[in-house]
Amino acid sequence: MDCFRGRRLSAALIAGCLAAVVLGYVVLHLAPAAQAGDQGPVALFSFAGLIRRGEKGDRVRYLQEALRACGYEVSLDGVFGPMTEGAVKKFQRENGLYADGIVGPQTIRELSKLYYRANPPDKHTVRSGETLSTIAGRYGVSVETLAKINKLADPDMVYVGQVLMISTPQEPPAQEPPAPPTDLPPKPPPFPIPDRRVCLTFDDGPDLNTTRPILAILRQYGVKATFFLVGERVLRHPELAREIAQEGHVIGVHGFEHKSLSGLSAAEVRRDLKEARDAITQVTGVSPYLYRPPFGQLDQTQVAEASKLGMRVTMWTNIGGADLGAASAEDVTARTVSAATDGGILMLHEGLQYTVEALPSLIEALARLGYGFLNPSK
Ligand SMILES: [Zn+2]
């Protein structure tokens, strides 16, 4: 709804610098987790975050390769469709996990164990932060077996760079105990099957700095959202508006110039809304059916004129928006999650770096609370 132009610029600059520092840290400190030469399923095992239905690309392909290597039937097309989801659920069911079809850290951990049991590597180079126990867990072998194969006197003493034998042709890895009895209590779900819904909405776009990063994150998590676009910005960045539509998100009208339409005559309101609607329709090929007033300033004239143009007014349920004036990405996540309710419409804004930074953790936090993501229907 709002755009504090001046403040926003400096906030964006600071946030951008912070993001660069954070990214630099991640690259320097986390990159070694993926060894040179890691590829296919092995690369998958160092991924964080969620992989679920709707995602496409390398992560999905690695997942499919891992599933197939473990005996699950799935095509290697890099598309997380119904078949891949079915294979993931089957894998989860057969490995004591909650069968929600969403690949999170627990599923990846179990998949890596099974994969390495079927495809035991010859050796492993110890990395920073690893212990014999984490290495044993990764490859699904026991600490005792690793200690024995490598003739380690003290299993607590491994050092970074040390090369450990994982299996030898003469001495296969110890067999894990057979499948657990069926009367074990069910494990708590990592991400429950959604039984509540929220709608994520992004106002004020399209924006050169944030639209594409937001789209990439939504794609990664298989989440569809609603974008309330400003008409003149759509004309300035038609390719961004088209990308939003092509990814299957809903586009609504947020005025043509992002000026308050409150108190204007019916003719003036109609002109602005029609111009914005026509810009969106012309650029994306999709006619918008939702309208959100700039600055949240709504009156009866706008309700009536929007309706005549086939649009209904859609406000939000997180009072004030979660990201305006937020102190950090963590703040955005905390505010948004605390405002979530079943059927809630959560307003976020383009042009704010914190919002982009917060989005992955925000989606995961909502998913953990049992929320799925749904857009207002026509
Ligand atoms: Zn706005």
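Which residue stands opposite H349 in β8? It is D203. I begin with that pair of residues, and I should state at once that the structure under discussion is a predicted model.

Let me place the pair in its strands. D203 belongs to strand β3, which covers residues 196–205, and H349 belongs to β8, residues 344–349. The two strands run in the parallel sense and pair over 6 bridges.

Is β8 buried or exposed? The strand is mostly covered, with 6 of its 6 residues buried. The cover extends to both faces. On one side lie G344, L346 and L348; on the other lie I345, M347 and H349, the last being the residue opposite D203.

I turn next to a second histidine, H237. This residue sits in the loop that joins α9, residues 231–236, to α10, residues 238–246. Its relative accessible area is 13%, below the 20% limit, and H237 therefore counts as buried. Which residues does H237 contact, once neighbours within four places in sequence are left aside? They are P206 and L208. As for D207, a separation of 30 residues in sequence from H237 corresponds to 7.8 Å in space, taken from C-alpha to C-alpha.

The remaining part of this presentation concerns helix packing. Two packed helices are described by the angle between their axes and by the distance between those axes.

Consider α3, residues 58–69, and α5, residues 105–118. Their axes come within 9 Å and cross at roughly 55 degrees. An angle between 35 and 65 degrees is classed as oblique, so α3 is oblique to α5. The contact involves L63, A66, L67 and A69 from α3, together with L111, Y115 and A118 from α5. By class, these residues comprise 7 nonpolar, no polar and no charged. The crossing of α3 and α5 is left-handed.

The second pair is α8, residues 211–221, and α14, residues 353–368. Here, too, the axes come within 9 Å, and the crossing angle is roughly 20 degrees. Because that angle is under 35 degrees, α8 is roughly parallel to α14. The crossing of these helices is right-handed. From α8, the contact draws on P213, I214, I217, L218 and Y221; from α14, it draws on V356, L359, P360, I363 and E364. How many charged residues does the contact of α8 with α14 have? There is 1, alongside 9 nonpolar and no polar residues.

Conventions. Residues numbered from 1 in each chain as written. Predicted model: local features only at pLDDT ≥ 70, side-chain atom pairs only at ≥ 80, totals over all residues. Heavy atoms only, no water. Helix = DSSP H or I, 4+ residues; strand = E, 2+ residues; numbered from the N terminus. Buried < 20%, exposed > 50% of the residue type's maximum accessible area, 1.4 Å probe, protein only. Contact = heavy atoms within 4.5 Å. Axes fitted to C-alpha atoms, helices over the stretch in contact; angles between N-to-C directions. Parallel < 35°, antiparallel > 145°, perpendicular 65-115°, else oblique. Left-handed = near helix turned anticlockwise from the far one by under 90°. Nonpolar A, V, L, I, M, F, W, Y, C, P; charged D, E, K, R; others polar. Pairing = 2+ DSSP bridges.
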